Amino acid sequence: MGAGERVVVIGAGVSGLTTAIVLAEAGVAVHVIAEELPGATSLAAGAMWGPYLVEPKHMVDEWSECSLEVFRELADDPASGVRLASGIEASRHADQPPDWATSLPDFIPCSTAGLPAGFASGYRFTVPLVDMPVYLDYLQRRLHDADGTFEQRWLGSLDDVGPASAVINCTGLGARTLVPDLDLRPIRGQHVVVSNPGLTEFFSEDTGASQDLLCIYPHGDTVVLGGTAIDGDGSLGLDERAASAILARCVEVEPRLAEARVIAHRIGARPTRGRVRVEADRRSDGTLVVHNYGHGGAGVTLSWGCAAMVRGLLTDR
Ligand SMILES: Cc1cc2nc3c(=O)[nH]c(=O)nc-3n(C[C@H](O)[C@H](O)[C@H](O)COP(=O)(O)OP(=O)(O)OC[C@H]3O[C@@H](n4cnc5c(N)ncnc54)[C@H](O)[C@@H]3O)c2cc1C
């Protein structure tokens, strides 16, 4: 980008904020426009590094790897909300571990004796865990420090952006109407946030295609418990029965959670697409638009890799 040029990033979820930071720290003048500041879907995430409900695999692997490196560095700064945590992913079947897990540090298969009752296979590894409210605050501060500016506003169309040398579209599920892109669909997710009875390790179950997930992500004083994955459902209201079922599943695996106090419920709709869209396009007036949306259940995991690709597309224009 040349001097005096201004890039507008639409969206202030993890995708928009990360992309804006990568550009602003490279010297680009960046202005963020977003209805929600920060994005509600991103606030609802657990969040563990790991590809879930997202394609295409070869790009997902590359983006995830890039993000992993950045999260490892961020874990050195307690203010970032990122930490490296050890824990177990397990299955009630004799499953093979996914290839993304086997290359992680400390990866080691567990004996069934080391697993909760009812589990047949599992493995331990160390991975970044991200406390999303803290992390999204950190990203906003970091963008501000890099001279990025913010404007809270809903856009009915990409033409409503105003003057911009280029537009980066990080609107998540909002792209369904903004672009419009009918390939996007919601996959509803629900978490229960509870007080932490002293847990430091994560636990997650490989539940395959089930709607009922099981994850336990400790973040200091709180633990995020999950979850659900309801395809095609974009509703964001609290489902009390789902919350009770999440608590029951988690207590069965970790009995110390039985005494935990419920602090909050977090609900979001994963912006899911046949494949993540990181792609350059042009508006009718010739303005470059770079899309970065459709990250499904892995927007945190892919964030730094996708942001780096957006930067490359802007440079190549
Ligand atoms: C329950 C749950 C658990 C999850 N767990 C994980 C996990 O463990 N690990 C992981 O990697 N991922 C996880 N995810 C997925 C991850 O949260 C998403 O992929 C990610 O948050 C998407 O981020 P985003 O910035 O693209 O979208 P969003 O966070 O939705 O942000 C979109 C932004 O665009 C703005 N916007 C949209 N339309 C408009 C418009 N027309 N005008 C102005 N602004 C607009 C919004 O206001 C918002 O600021 C989880 C998701 C859920 C719901």
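# How we know: a tutorial on a predicted model

Tutor: Welcome! Strand β3 (residues 82-91) runs antiparallel to strand β5 (residues 121-130), and 10 bridges link them. Keep in mind that this is a predicted model.

Student: What makes β3 and β5 a pair?

Tutor: Two strands pair if DSSP finds at least two bridges between them. β3 and β5 have 10 bridges, so they count as a pair. Within the pairing, Ile88 stands opposite Arg124 in β5.

Student: How do you know that β3 also pairs with strand β9 (residues 202-205)?

Tutor: By the rule of at least two bridges: β3 and β9 share 4 bridges, here in the parallel sense. Gly87 faces Phe202 of β9 in that pairing.

Student: Why is Leu214 called buried?

Tutor: A residue is buried if 20 or more other C-beta atoms lie within 10 Å of its own. Leu214 has 22 such neighbours, so it counts as buried. Leu214 belongs to strand β10 (residues 212-219).

Student: Which residues does Leu214 touch, leaving aside those within four places in sequence?

Tutor: Its contacts are Ser204, Glu205, Thr207, Arg249, Cys250 and Val253.

Student: Why is Asp106 called exposed?

Tutor: The cut-off for exposed is 12 or fewer C-beta atoms within 10 Å. Asp106 has 11, so it is exposed. Asp106 sits in the loop between α4 (99-102) and β4 (108-109), and its phi is positive, about 65°, although it is not a glycine.

Student: And what makes Asp147 exposed?

Tutor: Asp147 has 12 other C-beta atoms within 10 Å, and "12 or fewer" includes that value, so Asp147 is exposed too. Asp147 lies in the loop between α5 (132-145) and β6 (149-152). Its phi is also positive, at about 70°, although Asp147 is not a glycine.

Student: Which residues of the largest nonpolar core touch the most other members?

Tutor: That core has 87 residues, and Val7, Val9, Ile10, Ala20, Ile168 and Ile216 touch the most other members. Helix α8 (residues 299-315) supplies the largest share, 8 residues.

Student: How do you know where this core lies relative to domain 1 and domain 2?

Tutor: Domain 1 (1-81 + 131-183 + 273-317) and domain 2 (85-126 + 185-272) both give residues to the core, so it lies between them. As for one of its members, Val9 touches Gly16, Thr19, Ala20, Val30, Val32, Ile168 and Cys170, leaving out residues up to four places away in sequence.

Student: How many residues surround the ligand?

Tutor: There are 41, and the closest are Gly13, Gly39, Gly174, Gly189 and Gly299. Among the elements that give two or more residues to this shell are α1 (14-24), β8 (185-195) and α8. By type, the shell holds 18 nonpolar, 20 polar and 3 charged residues.

Student: Why is the shell around the ligand placed where it is relative to the domains?

Tutor: Domain 1 and domain 2 both give residues to the shell, so it lies between them.

Student: How many residues does each domain bring to the contact between them?

Tutor: The centres of domain 1 and domain 2, taken over C-alpha atoms, are 26 Å apart. The contact takes 21 residues from domain 1 and 21 residues from domain 2. On the domain 1 side, α2 gives the most, with 4 residues.

Student: Where are the cis peptide bonds at Pro38 and Pro180?

Tutor: One joins Leu37 and Pro38, with omega about 5°, and Pro38 lies in the loop between β2 and α2. Another joins Val179 and Pro180, with omega about -10°; Pro180 is in the loop between α6 (175-178) and β8.

Key: Residues numbered from 1 in each chain as written. Predicted model: local features only at pLDDT ≥ 70, side-chain atom pairs only at ≥ 80, totals over all residues. Core = buried A, V, L, I, M, F, W, Y, C linked by C-beta atoms within 7 Å. Domains from an automatic or database assignment. Contact = placed C-beta atoms within 7 Å. Near = placed C-beta within 6 Å. Nonpolar A, V, L, I, M, F, W, Y, C, P; charged D, E, K, R; others polar.
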